[in-house]
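Thank you all for coming; I would like to walk you slowly through one model today, and I will try to explain each step as I go. Please have the picture open while I talk.

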Amino acid sequence: MTKRHVSLPPLAEEGLRAFIDEVDERLSGDEDTCDVVTDVLVDLHGDRDAYERWQDGADISPAERVRLQGYDPCNTTLESEYYAEKDEERFKRSKHLQWLWRQFDATPMADNVEFALRFRRMLADHLFDSCGEGCRFFKGITFTYGHNIEVGDNVVVHDDVHLDDRGKLTIGDRVSISDDTHVYSHDHDAVDQTHVDNYHTIIEDDVRLTYDSMVRAGVKVGENAILAAKSIAGKDIPAHHIAAGTPAKSLTVKDGWESVAEPIEGANVDRRAERQLSVTLPDNLEQFDEFQRDLSPPDRQ
């Protein structure tokens, strides 16, 4: 069943356009991104009066100070900030934009679908490496950085999806990613979990990743394929195949696509090594091991 068009009342539409255009213009200009994000979040959360009083030196409680400071992304940290191999220059900006995306989702306006979809689509132009036309991003989507994501045209990403771009993530045209799906581009070593490998994960055109599914790092989901609900893809899924299970296996070819699809017998091949990314860390990097474990295998001593 197709969907119908929905529109806001004229005055609401006018306000929506003015706000999104203003934020877009400021993010595209020479202003410091931190300052833009701070201004937008202060107003979206209705805290302008308290913020101005604080800026003027008024006495505030420690709790108020933490809240007001938190609108400024320069006063925040994200999990991805700790990753040793991140691109420091790109992360300086993407961190601030990601903070705006996440904190927007904490406002009541995030549930106003027509407004929220267009606001997030505007942010995607500034945050992602590239983003096509007609994309729809719903509530609660999270990223590692954001700047290592490429998105094609008419992509739909539903609620509470995690798009991990610690490596690189490419999403083709007309892809549908259902609620609670996780798509990864990094993986941990089975013995030493502090060792991370980054990959290029590829979701080709017209793919459907259905509810609560997972795509492991380095997997390619081929054109027009389906990953069934609650399935985990650890190997490539050929074009036009339907894969299901944990681990997911190609079970059949979509009806009517048999003549152009790879036979089932040739599926379920692990080609992730072809998409592993090389990482070079700075020589002067001070690393730390958050686990402090001695996991040297006894058979290798």
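Let us start with the disulfide that joins Cys34 to Cys74, where the distance from S to S is 1.9 Å. Please keep in mind throughout that this is a predicted model. The structure holds one disulfide, and the link of Cys34 and Cys74 is right-handed, with 135° about the S-S bond. Cys34 lies in helix α2, which covers residues 33-44, while Cys74 lies in the loop between α4 (62-69) and α5 (88-104), so the pair ties together parts that are 40 residues apart in sequence. Are these two cysteines buried or exposed, or something in between? Because buried means under 20% relative accessible area, Cys34 counts as buried at 2%, whereas Cys74, at 46%, counts as partly exposed.

What about Cys131, and which cysteine sulfur is nearest to it? Cys131 is in no disulfide, and the nearest cysteine sulfur is that of Cys135, 3.9 Å away. A disulfide needs the two sulfur atoms within 2.5 Å, which is why a distance of that kind does not qualify. Cys135, for its part, is also in no disulfide, its nearest cysteine sulfur being that of Cys131. Cys131 is buried, with a relative accessible area of 14%, and Cys135 counts as buried at 6%.

Now to the aromatic rings. How many aromatic pairs are there? The count comes to 13 aromatic pairs. In one of them, the rings of Phe91 and Tyr145 have their centres 5.9 Å apart and their planes at 80°, so this pair is edge-to-face. Phe91 belongs to helix α5 and Tyr145 to the loop between β3 (142-143) and β4 (149-151), so the pair ties together parts that are 54 residues apart in sequence. Phe91 counts as buried at 4% relative accessibility, and Tyr145 counts as buried at 2%.

Another pair is formed by Phe104 and Phe119, and this one is tilted, with 4.4 Å from centre to centre and 40° between the planes. Here, too, distant parts of the chain are linked, since Phe104 is in helix α5 and Phe119 is in helix α6 (residues 113-127), 15 residues apart. Both Phe104 and Phe119 are buried, and ring pairs link them with Phe19 and Phe115 into a cluster.

Rings can also have a charge over them. Lys86 lies over the face of Phe91, at 5.4 Å from the ring centre, and the charged end of Arg272 sits over the ring of Tyr199, 5.1 Å from its centre.

Let me stay with helix α6 for a moment. This helix has 15 residues and reaches 20 Å from its first C-alpha to its last, close to the 21 Å expected at 1.5 Å a residue. Of the 15 residues of α6, 11 are buried, so the helix is largely enclosed by the rest of the structure. Among the buried residues of α6 are Phe115 and Phe119, along with Arg120, Arg121 and His126. What covers the buried residues of α6? The cover includes α1 (10-28) and α5, together with the strands β1 (130-131), β2 (136-137) and β3.

That brings us to the sheet. An open sheet of seven strands, with mixed pairing, has the order β2-β5-β8-β12-β15-β17-β18. The edges are taken by β2 and β18, each with a single partner strand, so one side of each is left without a neighbour in the sheet. At one edge, β2 pairs with strand β5 (residues 156-157) in the parallel sense over two bridges, and the bridge partner of Phe137 in β5 is Val157.

Towards the other edge, strand β15 (residues 226-227) and β17 pair in the parallel sense over two bridges, with Ile226 standing opposite Ile242 in β17. β17 and strand β18 (residues 249-253), by contrast, pair in the antiparallel sense over four bridges, and in β18 the bridge partner of Ile242 is Thr252. β17 and β18 form a hairpin with four residues between them, and in the turn Gly245 has a positive phi of about 110°.

Finally, where do the side chains of β17 point? In a regular strand the side chains alternate between the two faces of the sheet. Along β17 (residues 241-244), His241 and Ala243 point to one face and are buried, while Ile242 and Ala244 point to the other and are not.

How values were computed. Residues are numbered from 1 along each chain as its sequence is written. This is a predicted model: local features need pLDDT of at least 70, side-chain atom pairs count only at pLDDT 80 or more; totals for chains, interfaces and linings use all residues. Side-chain values use heavy atoms; hydrogens and water are left out. Buried means under 20% relative accessible area, exposed over 50%, partly exposed in between (1.4 Å probe, protein chains only). Two strands pair if DSSP finds at least two bridges between them. Rings of Phe, Tyr and Trp (its six-membered ring) pair if their centres lie within 6.5 Å; planes under 30 degrees apart count as stacked, over 60 as edge-to-face and the rest as tilted. A charge sits over a ring if NZ of Lys or CZ of Arg is within 6 Å of the ring centre and within 35 degrees of the ring normal. The expected span of a helix is 1.5 Å times one less than its number of residues. Contact means heavy atoms within 4.5 Å.
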